[in-house]
Amino acid sequence: MKSTLKFLKRVKSTVFHSIAFYPVLISAGFFFLAITLLFVENLEVINALKKEVPYLLVQDNETARTILSTLFGGILSLTVFSFTMVMVVLNQASSNFSPRLLPGLISNKKHQIILGFYIGTILYTIIVLMSLGAYGSSTDAVGFSVMVAAILGAFCIGLFVYFIHSISQSIQIHNIIDKIYASCTKLLEKERADQGDNDVENQNVSNQYWKILNSEKTGYYRSFDVTLLKNSLKNRENIIEIIPYVDQHIWKGDPVLGISEPISEEELASLHICLYILSNRHEDDSGVGGMIKLTEVAVKALSPGINDPGTAINAISKLGQLVHQILKIQPKTIEGIVDCEITIIHNKISASELMRIVIEPIRVYAKGDSTVSYELLSALIFVRNSKDIYPRYVEALQDEIMSLSNDLKKNISNNRDLKRILELLES
């Protein structure tokens, strides 16, 4: 039962994140709109409206057929052109920035709604066209429906203009960086707010566990679903520590859970169902995942083929602020669960691991570029000198600063540039 519920949750998440979700939903709405309008065509209210504004209603079936056919062909062309533009944008983003940015561009809800409106209008037009054959040569049979179709067609033209503007804005790299930064900031602020003042180190929580549970699959740890726990397990006091941090890659057989008190074999096996281990790190949003995207953008910008230090500096500026925010979060946190006796402890990414996966790739690629290295060193020093970060993280920051300093001394031949950068350490 629990495994079925987990499967249904995964299907729900897949459907909601699909590019087809909103178009299908909107198209269904247009289908029912067409059926409804065809049914109300001969109501007294609609007939009265036809008499009041006859110049807005089509009185001839051939004219109606011509209008609907024109609308159908024109909106179909808009739809094809819009999809083509999306493909061009995705190809450009993948080539110039990072392939990991594609899910974010594809999942843009505004673009999905516009495409859904196009497809829905086409479906509406087809249904009204089919109804003309059903009514035969009767005049004024679908006059009101044709008027609505013309209004929808005009609205589609306005949406197309907006679509052109929106798609041209979404591909600009500074907008992509700002969007990732805003999303990560929101997630990190929520994570810190959820953590509150619960400091595991100041509580009587033992590190000696009765059982260490190993992973049954290889992938990226995403979350632990408490709702899938067995009721017998929820109603007994116990401590479950989740060993990997969110977005950490784990191999089959790696330790993932620590359980403090003995439980049955059935309950032990059920814990595996609560774990979400996915094959793709970027399948869902997370703070660390967004920072990795910014790192990839910076590294791609520093590659010889792109050679765009301005984009790298912009990404480093945002990364410095995000690193500052994430290092305010304590290494471990306790999740408060309503009506449950179990204590869930979550591990957060360590500062040294954060430096390895976020800062080190940029350091390796930027060590010969004095301008980019200056910004990277400046960001690291800013975070290190902050009074808000957790004290134990300072050592890892200092180690990364020294590693960057040593790389610069070996790779920057211009003594004047090197001196200017290293003066940051002295100040």
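This note goes through a predicted model point by point, from the whole chain down to single residues.

1. **Overall make-up.** The chain has 427 residues, and 47% of them are buried. Its secondary structure comprises 16 helices and eight strands. The accessible surface comes to about 21,700 Å². Carbon and sulfur atoms hold 57% of that surface.

2. **Contact range.** Take the contacts in the chain with a separation of 6 or more. Of these, 80% are between residues 24 or more positions apart. Two such sequence-distant pairs come up below, under helix 2 and helix 4.

3. **Main core.** The largest nonpolar core holds 97 residues. Those with the most contacts inside it are Tyr118, Tyr124, Ile326, Leu327, Leu354 and Ile362. Helix 7, residues 143-170, gives the most to this core, with 11 residues.

4. **Second core.** A separate core of 23 residues also exists. Its members include Ile242, Leu275, Ile277 and Ile344. Ile242 and Ile344 return in the strand pairings of points 7 and 8.

5. **Leu327.** Residues up to four places away in sequence are not counted here. Leu327 then touches Ala351, Leu354, Val383, Ile389, Tyr390, Tyr393 and Leu397. Leu354 is also named with Leu327 among the residues with the most contacts inside the largest core.

6. **Strand 3, burial.** Strand 3 spans residues 238-242, and five of its five residues are buried. Both faces are covered. Asn238, Ile240 and Ile242 lie on one side, with Ile239 and Glu241 on the other. Glu241 is thus worth a look in the viewer: it is listed among the buried residues.

7. **Strand 3, partners.** Strand 3 pairs with strand 8, residues 342-347, in the parallel sense over five bridges. Ile240 stands opposite Ile344 in strand 8. Glu241 has Ile345 as its bridge partner there. Strand 3 also pairs with strand 5, residues 255-259, in the antiparallel sense over three bridges. In strand 5, Leu257 is the bridge partner of Ile242.

8. **Strand 8.** Five of the six residues of strand 8 are buried, so the strand is largely enclosed by the rest of the structure. Strand 7, residues 332-335, runs antiparallel to strand 8 and is joined to it by four bridges. Ile334 stands opposite Ile345 in that pairing. Ile345 is also the strand 8 partner of Glu241.

9. **Three-stranded sheet.** An open sheet has the order 4-2-6, with antiparallel pairing. Strand 4 (249-250) and strand 6 (275-278) stand at the edges. Each has a single partner strand, so one side of each is left without a neighbour in the sheet. Strand 2, residues 219-224, is joined to strand 6 by four bridges. Tyr220 stands opposite Leu278 in strand 6.

10. **Nonpolar surface patch.** Phe31, Phe32, Ile35 and Phe39 make a nonpolar surface patch of about 440 Å². Phe32 is found in helix 2, residues 21-40, as is Phe39. Why do Phe32 and Phe39 count as exposed? The cut-off is over 50% relative accessible area. Phe32 counts as exposed because its relative accessibility is 55%. Phe39 counts as exposed because its value is 66%.

11. **Phe39 and Val142.** Phe39 and Val142 are 103 residues apart in sequence. Their C-alpha atoms are 9.8 Å apart in space.

12. **Two serines.** Are Ser405 and Ser95 buried or exposed, or partly so? Ser405, in helix 15 (residues 394-411), is buried, with a relative accessible area of 1%. Leaving aside neighbours within four places in sequence, Ser405 is in contact with Leu422 and Leu425. Ser95, in helix 4 (residues 61-96), is partly exposed, with a relative accessible area of 39%.

13. **Ser95 across the chain.** Lys300 lies 205 residues from Ser95 along the chain, with 9.2 Å between the C-alpha atoms. Leaving aside neighbours within four places in sequence, Ser95 is in contact with Lys300 and Ile306.

Conventions: Residues numbered from 1 in each chain as written. Predicted model: local features only at pLDDT ≥ 70, side-chain atom pairs only at ≥ 80, totals over all residues. Heavy atoms only, no water. Patch = residues over 30% accessible without salt bridge, like charges linked within 9 Å, V, L, I, M, F, W, Y side chains within 5 Å. Areas by Shrake-Rupley, 256 points an atom, 1.4 Å probe, with all protein chains shown as cover. Salt bridge = Lys/Arg side-chain N within 4 Å of Asp/Glu carboxyl O. Helix = DSSP H or I, 4+ residues; strand = E, 2+ residues; numbered from the N terminus. Buried < 20%, exposed > 50% of the residue type's maximum accessible area, 1.4 Å probe, protein only. Core = buried A, V, L, I, M, F, W, Y, C linked by side-chain atoms within 4.5 Å. Contact = heavy atoms within 4.5 Å. Pairing = 2+ DSSP bridges.
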